[in-house]
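Here is a friendly walk through one model, meant to be read with the structure open beside you. Take it a region at a time and follow along on screen.

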Amino acid sequence: MTAVAPDLHASVLPAVRDFLSTPKQLFIGGEWVDSASGETFETIDPATGRVLTTAARGGAEDIDRAVAAARTAFEGEWSLWTPAQRQRILFRISEAIRDRAEEFAQIESLDNGKSAGVAQGVDVLWTAELFAYYAGWATKIEGRTIPVSVPWAPGAQWHAYTLRQPVGVCGGIVPWNFPLLMAAFKVPAALATGNTSVLKPAEQTPLSALLLAEVMAEAGLPDGVFNVVTGYGEAGAALAAHMDVDKIAFTGSTEVGKLVVDAARGNLKKVSLELGGKSPQVVYADADLSTAIPGVASGFLFNHGQACTSGTRILVEESIFEEFTQGVAEVAGASKLGHGLDPTAEVGPLVDGTQLERVTGYIEDGLRDGARALTGGSRHGTEGFYVEPTLLVDVEDSFSVYREEIFGPVAVATPFKPEEGVRRQANDTPFGLAASVWTRDISKAHRAAREINAGTVWVNCHNAFDAAMPFGGFKQSGWGRELGEGAIDLYTQNKSVNIAI
C-alpha cells in the first residue's frame, strides 16, 4: 500500500485523504479489480513532484475484460432501460457530482496541478451540467416519418420511418489537461443515447475518472455500463483497435489522433477526434483595451496554457502593438505561481517533468531563433514543474514557437497591418480549433468570425463555452462535434425502415 505524502496540503479534505490512502484499481463490470498483470504506476502531485498514490496499470487484457463487460451490459439490462430511466440516472449522477464538488476539485488539483477553485467552479460544475444537459436529451432522441415514392412500384403504399439507435460499446480516451471534464464531453452523451462506455484516462491524471466511477456506481448505474481502465498508451491503443468497440472518441494531440484513426480501421468503428490547436487572438486597434488586455492574457494563461483552445498566437493591429503587448506582459508577469490548493495562486505547475522539458525547450528554441521575451522566459523555482508566464515578440512565422502547439503558459505576439487584413495570418496554421476577436466594431467582428477557419470563434472573450454549443475543429484539429445536439449524432446511428402496406 502506498501512503499519502506526509506533507499533503493541510486543506485537503478527509475524504480526499481517504481516497488517496489506498492503491487505485480498475473499474470493470461494476467491480474494483487489479490489472491482469498486477502492475501499478505512481501518480504524482506536479506542484511538489511527490507521489500521491498508485494506480493499476491496465493493458490489452484488461481492455478485453472491460469491453466484454460493456458488451454484456449493452445487450442485457441496460438495453431494457427506457429513455426516462436513463434520464433519471443521469440527473442523479449530476447531483452526486455537485454534492462532492470540493472532493473532485481537490483530487483534480492534486493530480493535475490546476487551481482547486477553478476546478470546482469550471471543471466540476460543468461536468455536472453536462450530465444534466444530456439527461434532458435522453427522452428527446427521435426518428421521423418519410413520405416515399418507389418509382418502380406505382400505386403501392408505404409506411417509412427512421430510428435513432445507439452505436453500442463506446471507447473514450481523454487527456490530462481537463481529466474529469473531457470524460464528461463523452460519457453522458454516450449513456443518454443508450450506449455503454469504456474510459481510458491519461496516465498522468487517472484519479478523477476513478472517483467518477465510484459516484456513478453509487447512483445506481448497472454493472458494466461504465468502465475505467487506467494505464499507459498500450491500453489506449488496445481500446482504439478493439474489434468489439463500435465507436472511439479521442481528445489529445494531433499526432496521437492520427494513430487512433489507423487503429480504428480494423472494424471501421465510428471515430470522433478533438485534437490540437494554435489559436489566434486577433486584437484590433478599436478594441476596449481595459477588457482586451486581461482577456487576452487569460486566453493563453488559463489552465497554465494547458488547453487545446489556448490563444497562443496574439495578432495585434500594428498601431497599438507596443502598448498592447506591454500591457499583456505586465498582466502575465504579475501572475502569482503556486500550488493549486493555494486560493491566491493564479498559475499552477505543468502536469509533469516531461511537459516541463517540452515547454522550456520551445522557449529556448524561440529565444535562440531571435525572439525576445517581454516577460518570463524560463522555469520558475526548482520544486514542482512551474514555468514563468512568457510572452515572446520579434517572432517570425517560421519559428517553432509560432507554428507548433506548446501547451504551456507561452504565447507569441505579432503585428498586422489593417489594410492587409488578418485573414492570412489567422489561418496560417494546420490547426483550426478556436480563435477570438477583440473589437468594438460589430461588422468587423462578424467579418473576422466568418473568415477565420476555426470551429469556434469568440468575440471579446476567450474560452467561453456552453453545453449547448457544438465544439470541435477544422483542419487537423479534429473530426466531429462534441457538446450540443451534435454529440447525439456521434453516439447514434440512423436506421431506415420501409413497410409495404
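Does Ser 310 count as buried or exposed? With a relative accessibility of 4%, below the 20% cut-off for burial, Ser 310 counts as buried. Please keep in mind throughout that this is a predicted model.

## Around Ser 310

Ser 310 belongs to the loop that runs between α12 (289-301) and β13 (313-317). Beyond its neighbours within four places in sequence, Ser 310 is in contact with Ser 279, Gly 299, Phe 300, Gly 305 and His 462.

## The annotated position, Glu 274

The UniProt annotation "active site", taken from an unreviewed entry, covers Glu 274. This residue sits in strand β11, which is made of residues 270-274.

How much relative accessible area does Glu 274 have? The value is 2%, so Glu 274 is buried. Leaving out residues up to four places away in sequence, Glu 274 touches Met 182, Phe 250, Thr 251, Gly 252, Cys 308, Leu 433, Phe 471, Ser 477 and Glu 482.

## The sheet of 7 strands

Now for an open sheet of 7 strands, with mixed pairing and the order β14-β17-β18-β13-β12-β20-β21. Its edge strands, β14 (372-375) and β21 (456-459), each pair on one side only. On average, and with direction ignored, neighbouring strands of this sheet are turned by 25 degrees against each other.

Over at the β14 edge, β14 and β17 pair in the antiparallel sense over 3 bridges. Ala 373 stands opposite Leu 392 in β17. Helix α12 packs on the sheet, where it touches β12 (280-283), β13, β17, β18 and β20 (434-438). The direction of α12 makes about 170 degrees with that of β12.

## Helix α14

Do the ends of α14 lie where the number of residues would put them, or elsewhere? Helix α14 covers residues 353-369, which is 17 residues, and at 1.5 Å a residue it should span 24 Å. The C-alpha atoms at its ends are 24 Å apart, so the model agrees with the expectation.

At the N-terminal end, Asp 352 acts as a cap for α14, with a side-chain oxygen 3.2 Å from the backbone nitrogen of Thr 354. After the helix comes Gly 370, which has a positive phi near 125 degrees. The buried residues of α14 are Gln 355, Leu 356, Val 359, Thr 360, Gly 361, Tyr 362, Ile 363 and Gly 366. They pack against β15 (379-380), β16 (386-387), β17 (390-393), α15 (400-403) and β18 (410-416).

## The β3-β4 hairpin

Why can strand β4 be called largely enclosed by the rest of the structure? Of its 7 residues (50-56), 5 are buried, and therefore the description fits.

Strand β3 (residues 40-45) runs antiparallel to β4, and 6 bridges join the two. One pairing to look for is Thr 40 with its bridge partner Ala 56 in β4. The hairpin has 4 residues between the strands, and Gly 49 takes a positive phi near 80 degrees there.

## The sheet of 3 strands

A further open sheet has 3 strands in the order β5-β6-β24, with antiparallel pairing. The edge strands are β5 (145-146) and β24 (492-500), and each of them pairs on one side only. Strand β6 (residues 158-166) is joined to β5 by 2 bridges, and these strands run antiparallel. Within β6, Tyr 161 is the bridge partner of Thr 145.

## Two positive phi values outside glycine

Most residues other than glycine have a negative phi. That background makes two loop residues worth a look.

Leu 268 has a positive phi near 50 degrees and is not a glycine. Its place is the loop between α11 (254-263) and β11. Is Leu 268 buried or exposed? Its relative accessibility is 72%, so Leu 268 counts as exposed.

Phe 407 also is not a glycine, yet has a positive phi of about 65 degrees. This residue lies in the loop between α15 and β18. With a relative accessible area of 16%, Phe 407 is buried.

Key:
Residues numbered from 1 in each chain as written. Predicted model: local features only at pLDDT ≥ 70, side-chain atom pairs only at ≥ 80, totals over all residues. Heavy atoms only, no water. Buried < 20%, exposed > 50% of the residue type's maximum accessible area, 1.4 Å probe, protein only. Pairing = 2+ DSSP bridges. Contact = heavy atoms within 4.5 Å. Expected span 1.5 Å × (residues − 1). Polar contact = N/O pair within 3.5 Å; in protein donor to acceptor, adjacent residues only side chain to side chain. UniProt positions renumbered as here; feature names shortened; annotations may be inferred. Axes fitted to C-alpha atoms, helices over the stretch in contact; angles between N-to-C directions.
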